[in-house]
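This report describes how protein helices and DNA strands are arranged in one model. The sequence and the structure are shown first, and the description follows.

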2 protein chains.
Amino acid sequence: MRKEIKKNTALELNPNVSVDCVIFGFDFDKLNVLVINRDYANGVQRALPGNLIYDDEHLDQAANRVLEELTGLQHIYLEQIGAFGDPQRISKESDRSWLQSIRAQPDARVITIAYFSFVKMEDYQPQASSFAKSAEWIPINDIKELAFDHYEILQAAKSRLKQMIKIRPIGFNLLPEKFTLSQLHKLYESILDKPLDKRNFRRKIQKLNIVMSLKEKQRGVPHKPSQLFMFDKDQYLRLMQNGFDNFGF
Amino acid sequence: MRKEIKKNTALELNPNVSVDCVIFGFDFDKLNVLVINRDYANGVQRALPGNLIYDDEHLDQAANRVLEELTGLQHIYLEQIGAFGDPQRISKESDRSWLQSIRAQPDARVITIAYFSFVKMEDYQPQASSFAKSAEWIPINDIKELAFDHYEILQAAKSRLKQMIKIRPIGFNLLPEKFTLSQLHKLYESILDKPLDKRNFRRKIQKLNIVMSLKEKQRGVPHKPSQLFMFDKDQYLRLMQNGFDNFGF
DNA sequence: GCTCTATGTGTCATTTTAACACTTTCAAAT
DNA sequence: ATTTGAAAGTGTTAAAATGACACATAGAGC
């Protein structure tokens, strides 16, 4: 018998449904993703933060709870990517042996609902706990494999991010309050994974009026100091409401 | 005790995960959606075709199977919309009483994975079976309520369709092999839910080279007969491969 | 042959895009 | 004090895309 009898208590995990989170961060040079490391027989393996949901829990809440339990990150707006449900998605040998050490029903079919978000890296210092041995930011392009089907989920998240940047001014979430246009430019290049003409980029961004130039400049840099900017929240909200559908580079 | 002991046989339904399908059709005038009718104590209620998945089944396969079982539609490319997982999503009284008549574990938490697709209405005459009393095309704008959270799912599907039409030439799937530009025009207006300038629409479509004009005209219409067109499959595939991201009306 | 109805067609002003190179400002090193 | 290195900042032009707009045409039914 593989499944246990399941009582209807509020705090019971649902053995068939999990959530996984892809959290993007930007270090002014490249995109990073938040991963946890877990011990297993033959070493350490990376995975996205994720776990089973409780039976009476909203999916979105579950994603937030799990993310916090494993990495300490709180109060993050997570957006659903979709469900991943290959019946074999958790049956690699390294995954199975690990599941046996942490799950009451390690052989249950599990479908997972993936979520993603993007944050200012500086604001969130990951703090591992629960079954995560550690939690850290890893450059996206350095990731060659992950547990379960998490690599596939990561690719889906990247492609959603790429789409999303064309219809929403995402920089808001990934950059600190004050930033330079070069940093924003680099962010767009990192996400779209292609070079963008500097002058055309600046023209296009400025026409949207979502950035306001401050009276302040960078200091201590060994080159011409850059103007600092902030996002204009009102203008941002106005754009979003009018269903803004062209931010295409 | 709400859940039964669950054995690990291949043909067992997973009590926690279902799929639901939103199938759009176009009758040359407006968008329709395929719904099933089910009997319950106080009458008839409409629902999207959907049901539990088997424990060893891919989600996509489950969606295809369920759609066929309930409506007879086969061989349809279904695209995932996402997961819907409100813990209360199946607890309206009318839904519960109906579930008790068809489910082994009517009180289990069920999350559903929604799929959508669009077909040529003429090619698919719905044939109800299983617990569907009937299956039929209903104009989208006539639908005011559906079972469970299906109305919400329908809205999500509509909004995905609206997005998708901006990045893919969807007419391929919704129109018969030979069609007129006016029909295509009307289709775009129905999906986008706003009028589009006739001349600008025609110019834009023709520039893409995805439609080929035939040597054939409409016959028997009480007005100037329209030129017939077909889609150019090669050009379509070429466009799709190059990641075609602007079809914006 | 008259009427009704949907088809089909072109222009122009405005906006958007893509391509492209040099000067400026600061810190650090000499 | 001068030089050097490194990134910031800035404008023009040609080509393409967009949006607004009105009237002649072809067939069916009477």
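## Helix packing in chain A

In chain A, the contact between H5(A) and H6(A) brings A:Leu181, A:Ser182, A:Leu184, A:His185 and A:Tyr188 of H5(A) against A:Lys198, A:Phe201, A:Arg202, A:Ile205 and A:Gln206 of H6(A). Sorted by class, the residues of this contact are five nonpolar, three polar and two charged. The model is a predicted one, and every value given here is computed from it.

H5(A) spans residues 181-192 and packs against H6(A) at an angle of about 105°, the two axes being 11 Å apart. Because angles of 65 to 115 degrees count as roughly perpendicular, H5(A) is described as roughly perpendicular to H6(A).

## Helix packing in chain B

In chain B, helix H5 covers residues 181-192, and its packing angle with H6(B) is about 105°, with an axis separation of 11 Å. H5(B) and H6(B) are therefore roughly perpendicular to each other.

From H5(B), the residues B:Leu181, B:Ser182, B:Leu184, B:His185 and B:Tyr188 take part in the contact; from H6(B), they are met by B:Lys198, B:Phe201, B:Arg202, B:Ile205 and B:Gln206. This contact of H5(B) with H6(B) comprises five nonpolar, three polar and two charged residues.

## Surface near DNA strand C

Around DNA strand C there are 21 residues, of which A:Lys224, B:Ser182, B:Arg202, B:His223 and B:Gln227 come nearest. Of the atoms of DNA strand C that come within 4 Å of the protein, 43% belong to sugar and phosphate. The surface near this strand divides into five nonpolar, six polar and ten charged residues.

Helix H6 (198-208) of chain A and helix H6 (198-208) of chain B each contribute at least two residues to the surface near DNA strand C. The most comes from H6(A), which gives five residues.

## Polar contacts with DNA strand C

Two arginine side chains of chain A approach bases of DNA strand C. For A:Arg199, a polar side-chain atom is 3.3 Å from a base nitrogen; for A:Arg203, a side-chain N or O atom is 3.4 Å from a base nitrogen. On the backbone side, a side-chain N or O atom of B:Arg202 lies 2.6 Å from a phosphate oxygen of DNA strand C. B:Arg202 is also one of the residues of H6(B) that meet H5(B).

## Surface near DNA strand D

DNA strand D likewise has 21 residues around it, and those that come nearest are A:Ser182, A:Arg202, A:Pro222, A:Gln227 and B:Arg203. Among the atoms of DNA strand D within 4 Å of the protein, sugar or phosphate accounts for 38%, and the rest belong to bases. By class, the surface near DNA strand D consists of five nonpolar, six polar and ten charged residues.

H6 of chain A and H6 of chain B each supply at least two residues of this surface. H6(B) provides the largest share, five residues.

## Polar contacts with DNA strand D

Which atoms of DNA strand D lie 3.2 Å from B:Arg199 and 3.1 Å from B:Asn200? A polar side-chain atom of B:Arg199 is 3.2 Å from a base nitrogen, and a polar side-chain atom of B:Asn200 is 3.1 Å from a base nitrogen. In chain A, an N or O atom in the side chain of A:Arg199 is 3.5 Å from a base oxygen of DNA strand D. A:Arg199 also has a polar side-chain atom 3.3 Å from a base nitrogen of DNA strand C.

Terms used:
Residues numbered from 1 in each chain as written. Chains lettered and ligands numbered in written order. Predicted model: local features only at pLDDT ≥ 70, side-chain atom pairs only at ≥ 80, totals over all residues. Heavy atoms only, no water. Near = heavy atom within 4 Å. Polar contact = N/O pair within 3.5 Å; in protein donor to acceptor, adjacent residues only side chain to side chain. Helix = DSSP H or I, 4+ residues; strand = E, 2+ residues; numbered from the N terminus. Nonpolar A, V, L, I, M, F, W, Y, C, P; charged D, E, K, R; others polar. Axes fitted to C-alpha atoms, helices over the stretch in contact; angles between N-to-C directions. Parallel < 35°, antiparallel > 145°, perpendicular 65-115°, else oblique. Contact = heavy atoms within 4.5 Å.
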